[in-house]
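Reader: I have the model open and would like a close look at one part of it. Please start there and then work outwards.

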Amino acid sequence: MTATGAHAAEQIDLIIDTDPGADDVVALLFALASPQELNIRALTTVAGNVRLDKTSRNARLAREWAGREEVPVYAGAEKPMMREPIYAENVHGVEGLSGVPIHEPKKGLADGNAIDYLIDTLMAAQPHSITIAMLGPQTNLALAFIREPGIAQGIKEVVIMGGAHFNGGNITPLAEFNLFADPQAAEVVIKSGVKLTYLSLDVTHKILTSDARMGKIAALSNNASRLVVDILNDHVKTDMERYGIPGGPVHDATVIAYLLKPQLFSGRNVSIVVDVEEGPAFGQTIVDWGNGLKVPESVFWVENGDAEGFFDLLTERLARLK
């Protein structure tokens with residue numbers, strides 16, 4: 001393939017693991033609109049923002065809205081590894097997607113289970129060739145690692161929306177929702193030794209919607225832009241009221257922007273630990289920002305991002321859809 005610009009960008013072989021969710025659907029439309037850069041092998045779904053049947057339907061809706069029905073959707077874990085399930089219906093609505101009409105998509109789920117799919121695909125892959133974008137709790141990948149640790153050989157990088165350090169949490173004072181929903185799974189993935197990048201609340205809370213940014217998306221006047229505007233206008237109200245901020249974050253979509261244009265972001269290599277003990281810090285990502293523990297720094301922790309650049313890129317990609 002050829003690419004314009006200074007050098008040809010290599011296409012990323014990608015699996016997106018997701019629990020849609022409003023910002024997940026925006027992320028999926030963003031990714032599915034970028035086939036030149038992202039070769040999306042499959043979407044794998046997990047319980048998180050809402051129950052598995054609803055996250056799986058919402059992933060199929062995003063696929064349908066993007067006109068990309070050829071991308072298979074595999075349903076995965078319906079509950080966390082150890083803890084009781086929690087959902088975020090108070091934020092995402094009972095269907096996991098508010099502000100837009102919901103229907104049953106024409107195309108169904110792929111046969112088989114997301115965890116089997118991950119194992120089979122990663123074991124058969126060229127060494128370190130497949131990137132995994134994790135937009136929800138990390139249950140599917142953790143269960144795959146427990147069953148077959150050898151899957152690490154196929155993974156190039158795992159890019160995760162989750163965690164919080166400087167920002168503080170969004171479900172407890174210390175924990176971000178995806179990590180709180182299944183901290184044991186996140187711990188398994190950290191200990192797997194694969195390359196990890198975390199886009200945490202530290203960065204997502206710096207990339208906020210505004211009237212001008214939403215106006216540019218609305219001006220596209222296609223179906224995808226109308227969906228995104230309606231979803232986000234409904235979704236961001238909660239955070240704007242809760243935090244007293246002028247716009248709302250589009251958490252999961254930052255992962256896609258990072259994959260497409262990493263130069264929009266900055267951070268540093270750190271080591272992290274997830275608190276899995278019951279108590280006030282349950283689900284917290286403990287980030288060794290200054291390497292005080294003198295242990296290997298296995299995670300790239302993204303701290304800052306170019307908000308204008310993010311929204312310009314999102315708008316440009318949504319313009320490609322119908």
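In which sense do strand β4 (residues 130-134) and strand β5 (residues 155-161) pair, and over how many bridges?

Author: They pair in the parallel sense, over 5 bridges. Pairing here requires at least two DSSP bridges between two strands. Strands are DSSP runs of E with at least two residues; helices are runs of H or I with at least four; both are numbered from the N terminus. Within this pair, Ala133 of β4 stands opposite Val159 in β5.

A word on the source. This is a predicted model, where local features need pLDDT of at least 70 and side-chain atom pairs count only at pLDDT 80 or more, while totals for chains, interfaces and linings use all residues. Residues are numbered from 1 along each chain as its sequence is written, and side-chain values use heavy atoms, with hydrogens and water left out.

Now step back to the sheet. It is open and has 8 strands. The order is β3-β2-β1-β4-β5-β6-β10-β7, with mixed pairing. So where are its edges? They are β3 (73-75) and β7 (265-270), each paired on one side only. From one strand to the next, the twist averages 25°.

β4 sits between β1 and β5 in that order, so look at β1 next. It runs parallel to β2, and 7 bridges join them. Ile12 in β1 has Leu38 in β2 as its bridge partner. Is β1 enclosed or open? It is largely enclosed by the rest of the structure, because 6 of its 7 residues are buried. Buried means under 20% relative accessible area; exposed means over 50%; partly exposed lies in between (1.4 Å probe, protein chains only).

A helix also reaches our pair. Helix α5 (residues 139-147) lies across β4 and β5, and also across β1 (12-18) and β2 (38-45). It runs at about 145° to β5. Axes are lines fitted to C-alpha atoms, for helices over the stretch in contact, and angles run from 0 to 180 degrees between N-to-C directions.

Follow α5 to a neighbour, helix α7 (residues 183-191). Buried residues of α7 include Pro183, Ala186 and Ile190. The buried residues of α7 pack against α5, α6 (177-181), β6 (196-199) and β8 (272-274). Gly193 follows α7, with a positive phi near 85°.

β8 leads on to a loop. Gln284 has its place in the loop between β8 and β9. Gln284 counts as buried because its relative accessible area is 18%. Its contacts (heavy atoms within 4.5 Å) include Leu174, Val273 and Asp275, leaving aside neighbours within four places in sequence. Compare Leu293, in the loop between β9 (285-287) and β10 (299-305). Leu293 is exposed, with a relative accessible area of 58%. From Leu293 to Ile102 is 48 Å, C-alpha to C-alpha, and 191 residues in sequence.

Last, a helix pair. Helix α1 (residues 22-32) packs with helix α2 (residues 52-65) at an angle of about 40°. Their axes are 9 Å apart. On the α1 side, Val25, Leu28, Leu29 and Leu32 make the contact. On the α2 side, the residues are Asn58, Ala59, Ala62, Arg63 and Trp65. α2 is mostly covered, with 13 of its 14 residues buried. Gly67 follows α2, and its phi is positive, near 70°.
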